[in-house]
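Biologist: Could you take me through one part of this model up close, and then show me how it sits with the rest? I'd like one connected story rather than a list.

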Amino acid sequence: AYTVSDNFKTVTVDYEGLNNDEKRDAFFRSETFTVEENATLEIVLKRPFAQLNVGVSQEEWNNVANLGYTISKSAVAIKNAATTLNLMDGTVSGEDEVEFTANTIPTETLLVDIDCDGTSEEYKYLSMSYFLAYDNTDGASKTTLEDLNFTFSSADGKTSVLERGLENVPVQRNHRTN
């Protein structure tokens, strides 16, 4: 999914591939220092990607399942994703529309402290995607996705498309948007 330049300064992202793919996750950090004597440096790696998660409560999941629809796969289209990451300064460039192909939804529990009380509530994943958020400033600022489009599929081939209500979704690199 990634191509590193010959000089190891940039990474280009290939968005062809599957949604819900943990192998797309990555971390990096660039640090300049001078070695004068023995030293210990603490370097904290950061995720260059925004992580976009969609989930539902167990009650919502059960309500839909009782109607005979159990989601097993999801796909997503994301407009305005960056295509290149500068590993030296963290900035991004290039712009593309991501269309991750349908893939099996994650089986682990999505934990989100939705009411900010210090306790994470449990949700079932419907989708999980990693992409370079296009913010043409410092590479770490929030940006807003304008037009998201999710496609959910059941094992028996039924599909549902979700595109309304997803016009202004804030995302930020090295953060999760749930």
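**The loop between E2 and E3**

Modeller: Let's start with a charged pair: Asp25 is buried, and Arg47 is buried too. Bear in mind that this is a predicted model. Asp25 and Arg47 form a salt bridge, with their closest N and O atoms 2.7 Å apart. The pair links distant parts of the chain, 22 residues apart, and both partners sit in the loop between E2 and E3. As a general point, side chains of opposite charge can pair when their charged atoms come close.

That loop runs between strand E2 (10-13) and strand E3 (50-56), and Phe27 is found in it. Phe27 counts as partly exposed because its relative accessibility is 47%, between the 20% and 50% cut-offs. Phe27 also helps make a nonpolar surface patch of about 620 Å², together with Phe33, Val35, Leu41, Ile43 and Leu45.

Now for another charged pair: the side chains of Arg29 and Glu31 meet in a salt bridge, 3.2 Å from N to O. Arg29 is partly exposed at 41% relative accessibility, and Glu31 is partly exposed with a relative accessible area of 41%. So here the partners are partly exposed, whereas Asp25 and Arg47 are buried.

Back in the loop between E2 and E3, have a look at Asn19. Its relative accessible area is 0%, so Asn19 counts as buried. What does Asn19 touch, leaving aside residues up to four places away in sequence? The list is Ser74, Ala75, Val76, Phe100, Thr101, Asn103, Ser127, Met128 and Ser129. With one of these, Ser129, there is a polar contact from side chain to side chain at 2.5 Å. For a sense of spacing, the C-alpha atoms of Asn19 and Ser72 are separated by 12 Å, and these two residues are 53 apart along the chain.

Asn20 is in the loop between E2 and E3 as well. Its backbone deserves a look: phi is positive, about 60 degrees, although Asn20 is not a glycine. Asn20 is buried, with a relative accessible area of 8%. You'll find a positive phi at Asn174 too, near 65 degrees and again in a residue other than glycine. Asn174 lies in the loop between strand E13 (169-171) and strand E14 (176-177), and at 31% relative accessibility Asn174 counts as partly exposed.

Follow the chain to E3 and E14 and you reach a sheet. Four strands form this open sheet, in the order E8-E9-E3-E14, and the pairing is mixed. Its edge strands are E8 (109-112) and E14, each of which pairs on one side only. E3 and E14 pair in the parallel sense over two bridges. In E14, Thr177 is the bridge partner of Leu52.

One last thing, to finish off the charged pairs. How many salt bridges does a search of the whole structure find? It finds three. Besides the pairs we've been through, the side chains of Asp156 and Lys158 meet in a salt bridge, 3.9 Å from N to O. Asp156 counts as exposed at 53% relative accessibility, while Lys158 is partly exposed with a relative accessible area of 41%.

How values were computed: Residues numbered from 1 in each chain as written. Predicted model: local features only at pLDDT ≥ 70, side-chain atom pairs only at ≥ 80, totals over all residues. Heavy atoms only, no water. Patch = residues over 30% accessible without salt bridge, like charges linked within 9 Å, V, L, I, M, F, W, Y side chains within 5 Å. Areas by Shrake-Rupley, 256 points an atom, 1.4 Å probe, with all protein chains shown as cover. Salt bridge = Lys/Arg side-chain N within 4 Å of Asp/Glu carboxyl O. Buried < 20%, exposed > 50% of the residue type's maximum accessible area, 1.4 Å probe, protein only. Pairing = 2+ DSSP bridges. Contact = heavy atoms within 4.5 Å. Polar contact = N/O pair within 3.5 Å; in protein donor to acceptor, adjacent residues only side chain to side chain.
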